[in-house]
Structures are given as structure tokens and as C-alpha cells.
Amino acid sequence: MGQAEILELLARGAAVGAFVGLAIQAGRARISPARLTTVLFCIGAASHTLTQQPGVAAAFGWTLAPVWAFSVMGAGLFWAFALELFEDRAKMDFRRFAPAGLLFAFGVGAVLTSGQVSRAFLLIHNVASATLIGHALVCIARGWHGDLVETRRRLRGPILVASAIYALAVIAVQIGEIFLGSAAAFSPLGAVSLMVLGLLGLAVFGRMDADLFGPVSIPDPKDHGAVVPAVTTEDTGLAAALDRIMRVDRVYREEGLTISALALRLKTPEHRLRRLINQQLGHRNFSAFLNQWRLADAKQALADPSQREVPISTIGLDAGFQSLGPFNRAFKLETGVTPSEFRARNLGAVEDDGSSAQTSST
């Protein structure tokens with residue numbers, strides 16, 4: 001074995017150690033959606049690092065199968081990891097892993113076939129992987145401004161985008177191999193890149209900051225926007241002004257309301273308003289903060305006998321939701337029932353809201 005091969009092997013060993021160490025750190029505390037997807041993504045990254053080592057298949061034979069499985073699902077696991085880290089969900093939605101399962105199926109198809117069919121499976125696998133990574137990047141960028149967790153907000157660019165760039169580069173090389181042949185010359189560069197990414201990830205995520213990975217606590221809808229006892233003396237005035245502008249002026253109904261615009265209305269620095277809503281009022285995302293007010297508004301209207309004939313879609317739009325779909329999803333996520341079911345329980349009448357096809361039995 002030459003010096004270059006030894007250095008590559010050491011680099012891959014360091015990368016595997018970093019990813020496995022991060023997976024162990026993530027799995028040590030109470031599991032949460034972000035922690036679970038972190039563990040699986042790190043296992044996938046470590047597996048990818050191993051399977052890209054020249055000659056590894058000949059050395060391990062069939063025992064490499066579980067490692068290969070995690071490696072082939074890598075882009076899907078990255079997608080699930082990115083969405084769970086940057087979207088606040090109190091419970092794990094296992095449908096997040098459906099894309100990873102689909103990538104695994106494509107990988108198996110490539111292994112069990114040959115010739116043009118195998119190449120087609122590999123091409124589909126790489127295109128699907130690139131699509132998932134691209135979608136994850138779009139989600140990361142789209143949610144940046146409304147993210148109220150400062151630690152997470154700062155991470156939206158560097159580590160995850162670097163990881164995505166690496167993954168897209170690997171996909172491009174693999175697609176090139178399908179049509180042009182071996183790209184073994186890039187293997188040492190890939191090993192060093194993975195080592196750098198692994199060590200950076202361990203340095204940044206190694207502490208498993210509760211703001212990033214802890215279980216999500218959803219504020220009680222009954223207390224939406226209210227000034228809670230945790231508010232510091234310094235922020236009491238701002239909290240009261242925020243409560244007033246939401247409760248009395250109902251600014252949450254305004255289309256396209258941003259935290260920057262709200263801070264301007266309150267004549268306060270944006271970072272101070274972010275800190276108040278996140279650390280004092282318990283919201284991790286500005287949209288979630290607005291939706292608490294919008295849902296309370298909608299529930300009040302749905303339970304009002306004088307608004308019995310008002311279409312549910314009108315109530316949702318008047319509350320500030322941009323369309324019926326997001327309103328229905330947010331409403332059911334909070335209450336466990338659809339808007340029509342909620343109205344039926346309060347007024348004794350069922351109305352179609354587009355999310356169910358129920359009819360009144362009375």
C-alpha cells in the first residue's frame with residue numbers, strides 16, 4: 001500500500017470516527033425527532049465514507065451489506081435530518097424516511113440487475129438524491145428569516161450547506177461514472193473532504209445543544225401570545241406592547257407579516273423581539289407564533305353561533321392563513337380535529353372544509 005493510500009485510509013478513519021462519535025452523542029439523551037434523524041444521518045455518512053474506500057467491498061464481502069444500505073440511503077437521511085432540525089415538530093413523523101426507503105429500493109434494483117437496466121436504476125437513484133438535497137436546501141433557506149432559535153439560525157448556512165455541496169459533488173461524480181467510467185482519482189479528495197466535514201460537524205453539533213436537539217415544547221394554545229411570568233423585567237414593556245398589537249390590532253391577520261415589519265411597528269430592534277418570542281414566550285419559529293393567534297381567532301369564529309353560515313375557508317383566510325390547505329393542517333395539528341369537526345362539536349352542524357367528507361347524521 002502506497003503512502004497516498006495510507007493517508008486516504010487515515011482520513012476516512014477520522015471521518016468515520018467523527019460521524020460515529022456524533023451519532024453516539026445524539027443518542028445519549030432523551031430521543032427527539034431531531035436527535036433520531038441526526039443519529040441515522042451520521043450512520044449514513046459514516047457508511048458512505050466506508051463504501052467509497054477503494055477495495056472495501058472485496059475486503060468485507062457480504063458483511064458490508066448493512067453499511068451499504070445506510071450509504072445508499074444517505075441523501076434521504078440527510079433530507080430527513082435537515083427538515084427535522086429546522087422544522088419544529090413535537091412528534092416524529094416516520095413518513096420522513098419514505099424517500100430514504102425509495103433510494104434503497106433504487107439501489108437494490110441496480111444491484112440485482114445488469115447492463116442498461118442497472119445503469120438506469122443508478123441514474124434514477126442519483127437524480128432522486130440530488131432532488132432531495134436540493135429540496136432540503138430550499139427549506140433551509142426559506143425558513144431562515146423566521147427562525148427564532150439563534151444558534152440554529154446561524155447554522156443554516158455553513159455546515160449543512162457545505163455537507164449538501166459535498167453530496168451534490170459526489171452525485172455528479174457518480175453520474176459521470178455511469179457514462180464515463182471510474183473516477184477513482186477523486187477518491188483521496190473525497191476522503192479529505194469527508195474528514196473535514198465530520199470534524200466540523202463534531203465540533204459544532206457535539207454539545208447537542210438543547211435549543212437544537214431537545215424535545216420541542218409547544219406553547220399552550222390557551223395562553224397564545226399572553227405575557228407569561230417568565231418574561232424578564234427588562235422585556236415586560238415590550239411583551240405588553242406585543243400582546244396589545246396582536247390582541248387588539250390583530251396584526252397577525254396581515255398578509256406577509258414578517259418579524260422585521262413587526263419589530264418596526266413596535267419600534268424595537270429585531271434581535272430583541274426575536275429573543276422575547278423565543279426565550280420568553282416559548283416559540284421557536286415566527287410562523288408558529290403567528291399561527292397560535294390565527295388559530296385562536298379561527299376557533300373563536302367557528303364556535304360563534306352568529307357565524308354559523310360563514311364558510312370555513314373564509315374564516316381561515318380572515319384569520320391570516322394564505323390558503324385553506326395550511327389552515328386545515330395547522331388546525332388539525334393543534335386540536336386533533338378538522339375545522340368542520342370543531343364547528344360541529346360547538347354548534348352541532350357539520351360543514352365541508354375540504355379536509356373531510358362528513359355529513360351531518362342529525
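This passage walks through one helix, the salt bridges, the aromatic pairs and a buried serine of a predicted model. Local features were taken only where pLDDT is at least 70, side-chain atom pairs count only at pLDDT 80 or more, and totals for chains, interfaces and linings use all residues. Residues are numbered from 1 along each chain as its sequence is written, and side-chain values use heavy atoms, with hydrogens and water left out.

Helix H6 makes a handy starting point. Helices here are DSSP runs (H or I, at least four residues), numbered from the N terminus. H6 covers residues 98–112, and its 15 residues should span 21 Å at 1.5 Å a residue; the expected span is 1.5 Å times one less than the number of residues. The end C-alpha atoms are indeed 21 Å apart, in agreement with that figure. Pro99, Ala100, Leu103, Phe106, Gly107, Gly109 and Ala110 are the buried residues of H6, where buried means under 20% relative accessible area, exposed means over 50%, and partly exposed falls in between (1.4 Å probe, protein chains only). These buried residues pack against helix H4 (65–72), helix H5 (74–86) and helix H7 (115–142), with contact taken as heavy atoms within 4.5 Å.

H7 also holds Ser129, which counts as buried at 4% relative accessibility. A polar atom of the Ser129 side chain lies 2.9 Å from the backbone oxygen of His125. Leaving aside residues up to four places away in sequence, Ser129 touches Ala75, Leu103 and Ile171. Leu103 is also one of the buried residues of H6.

Turning to charges, the count comes to 10 salt bridges, each a side-chain nitrogen of Lys or Arg within 4 Å of a carboxyl oxygen of Asp or Glu. One of them joins Arg12 to Glu8 at 3.2 Å, N to O. The two sit four residues apart in helix H1 (residues 3–28), so about one helical turn separates them. Both ends are tucked away: Arg12 is buried at 4% relative accessible area, and Glu8 is buried at 8%. Helix H12 (residues 236–247) has a pair with that four-residue spacing, Arg247 and Asp243, whose side chains meet at 3.0 Å, N to O. Here Arg247 is partly exposed at 40%, whereas Asp243 is buried at 14%. Arg253 and Asp297 form another bridge, at 2.9 Å, N to O. This pair links distant parts of the chain, with Arg253 in the loop between H12 and helix H13 (259–266) and Asp297 in helix H15 (residues 286–302), 44 residues apart. Arg253 is partly exposed at 33%, while Asp297 is buried at 11%.

The aromatic side chains give 10 pairs. Rings of Phe, Tyr and Trp (its six-membered ring) pair if their centres lie within 6.5 Å, and planes under 30 degrees apart count as stacked, over 60 as edge-to-face and the rest as tilted. Phe41 and Phe81 are stacked, because their centres are 5.0 Å apart and their planes meet at 10°. Phe41 belongs to helix H2 (residues 33–51) and Phe81 to H5, so the pair ties together parts 40 residues apart in sequence. Both Phe41 and Phe81 are buried, and ring pairs link them with Phe78 and Phe205 into a cluster.

Key
Polar contact = N/O pair within 3.5 Å; in protein donor to acceptor, adjacent residues only side chain to side chain.
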